[in-house]
2 protein chains.
Amino acid sequence: MISDPVRLGVAGLGRGFMLTLPSLRSDPHAALVACAAPREESRTAFVAEFGGKAYATVNELAQDPNVEAVYIATPHQMHREHADAVASGGKHLLVEKPLAISMDDADAIVESAARAGLHLITGPSHSFDQPVLLAREMVASGKFGAVRMIHAFNYTDFLYRPRRPEELDTAQGGGVVFSQAVHQIDIVRLLMGVRATRVVAMTGAWDAARQTEGAYSAVIEFEGGRFASLTYSGYAHYDSDVLQDGISELGLEKVPATYGRSRKALSRLTSPADEPKLKSGRTYGATDAPSPAPHAEHFGPMIVSCDRADLRLTPKGVEIWGDFEKKFVAAPPDPAPRSPVLRALYEAVRNGRPPTQSAGWGRASLEVCHAILEAARAGRFVDLKKQ
Amino acid sequence: MISDPVRLGVAGLGRGFMLTLPSLRSDPHAALVACAAPREESRTAFVAEFGGKAYATVNELAQDPNVEAVYIATPHQMHREHADAVASGGKHLLVEKPLAISMDDADAIVESAARAGLHLITGPSHSFDQPVLLAREMVASGKFGAVRMIHAFNYTDFLYRPRRPEELDTAQGGGVVFSQAVHQIDIVRLLMGVRATRVVAMTGAWDAARQTEGAYSAVIEFEGGRFASLTYSGYAHYDSDVLQDGISELGLEKVPATYGRSRKALSRLTSPADEPKLKSGRTYGATDAPSPAPHAEHFGPMIVSCDRADLRLTPKGVEIWGDFEKKFVAAPPDPAPRSPVLRALYEAVRNGRPPTQSAGWGRASLEVCHAILEAARAGRFVDLKKQ
């Protein structure tokens, strides 16, 4: 039991919050004590469930003396303004990935947190998933030698889930590079354990009705000649979760009857204006959060090739394929899929031990996102400078 | 039944021939009538099994009036000389992939065949595998829209199978780029159906005892902004055939008890000089060919993303993941896994209808191999000129 959970405020009660909510409900390391949200319906629901204070603006939330840390789950392009407000209020920060969209914003956020001497964790992110942390421990043990290559891919219907217009506009952080690649980037950076040096990529934007990058293949070079290849399709019909024990990104068992659900829902809309409504129907107060997940979250198949073993991450743990034998190591159980990031927040705030995924970390992953877009646009290897 | 099989001579009775042998035994489109091989043991075995003539040199084989076509399965660096001899003798050619190692050699081979007015098929190659041909038909039907992206990966112990020294020397065509990438390249070129335009890649050479590229991740751009990503590890412990119904590259059911077999055999060698012996123990006459395979061959997991479906190739056929439903289409049965290339040879020689995989085709795939090495070495996108 935790007697002193971090008193957490949340800024934004949209989709990001909804995905973390089941973990916030189950994990003891953080207690929701306040929120900020523009929609009254969401605020009312928050107070009904958690008690505490509900503000219309992040500025007000940032000044609440009972709040120790704020989870910033507002749209990406607002992170800078909100992080600045929260840091000015002297609260620690948990900022949804990507940390920001522009590198300028990311710089400003890094600066705000550092100047105020506050902890900033970029997360939740799938780099906090239990099997990833387990694989990192295995790598760090040195038992399997160096990580040489990582291969990650993920096939989802990301582009056909209900979207607000800015989510389909790359300049505003839309498309799969900022919101999806960043997970793969976080994970491979964590597992490589050395700095990324340059990036090359090709991207695809092949749906004229949704004009943003929906797919990419990228290769990231790391110090020592290591590299990681990342492939993602958000246009997918194929579902790579079939290779992940049939478990969804959020740790839930997938139901075959839901095949094609996103495309079906979209095809039923009679007007483009209905799509944002479909999306806001998924925010807090309008519908319930996903069920508590029985498994860890994951971000698609991933194979980590070391000198003396290949490690395959699954939602349940890590398969170790060694020189002469293979075995499976289960990830340790947790109260909820996002317990690791909430535990990390607790460790930072209570014990002064922040995780690797700092503000600077989030900026470095964002830099790789930009490098993917630039490499594909300009047709060149892009050197990284903020790792 | 075929009453007039192509009277085929084979140059080289090594590993390449051994892998095609079960199909040559089962398929009616070609009849082996002669061979050329430097080892007397192999020649004796050939005559015992097939009758016909056995020569010590390819020049002699090329002059045999009973031979209509020659299957060149000698080491890559000898292809040019042997193709020239065979073309001078007026025989059609089936040349193992890669067509050659140097682009100069490939140019010379293209020229030899063209000047003599002979058919040259670059193959066998996994682009002739039944599920690949089935997927190509599906794509060509237009039913699923354009191919936008292909993702291919393959994890094998290629680098730890017994090797001659030149197979571990990139300058001599060693490593995985020339002999393994070329399959993935052939397949994605065939399925894209448009020209490849440029290539980017990173390669890994991380075993100091076997200094050649053993792994790579490459992205190939095609006309119209399409792209294919290829990842391969020949250092692998992980075996991607687990995603292919447990069926090996050669179409055989895999046996779990063979886990780590290549590394085990290599670790038992007491002197480096023993390794080529281990390899020559796998040539014709020294041991039997692999059993006849019950399934099609394959070259690892592959997902072909089209506008209205993703196609996943398996050794048994093609899974079609459509907008609202998915289904599986089995590949048509064939007498042997390499029947399609033998049928293609027959169609070329008897009916004047050569397959796509011509000499120029083989050169174009070889160009992509070189581009992978150059892109990784120089850190730049490499434009293709011979597609």
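User: What makes up the count of helices and strands in chain A?

Analyst: Chain A has 11 helices and 15 strands; these are DSSP runs numbered from the N terminus, with helices being H or I of at least four residues and strands being E of at least two. This is a predicted model, where local features need pLDDT of at least 70, side-chain atom pairs count only at pLDDT 80 or more, and totals for chains, interfaces and linings use all residues. Residues are numbered from 1 along each chain as its sequence is written, chains are lettered from A and ligands numbered from 1 in written order, and side-chain values use heavy atoms, without hydrogens and water.

User: Why is chain A called as compact as a globular protein of its length?

Analyst: The globule rule, 2.2 Å times the number of residues to the power 0.38, gives 21 Å for 387 residues, and the radius of gyration is 20 Å, close to that, so the description fits. That radius is taken over C-alpha atoms.

User: How much of chain A is buried?

Analyst: Buried means under 20% relative accessible area (1.4 Å probe, protein chains only), and 63% of the 387 residues in chain A meet that.

User: Why is the relation between chain A and chain B called a two-fold axis?

Analyst: With least-squares superposition on C-alpha atoms of residues with pLDDT of at least 70 in both copies, a 180° rotation with 0.0 Å of shift along its axis places chain A on chain B at RMSD 0.0 Å. That is the relation of a two-fold axis. Arg380(A) is the residue of chain A that comes closest to the axis, its C-alpha at 2.9 Å.

Key
Buried < 20%, exposed > 50% of the residue type's maximum accessible area, 1.4 Å probe, protein only.
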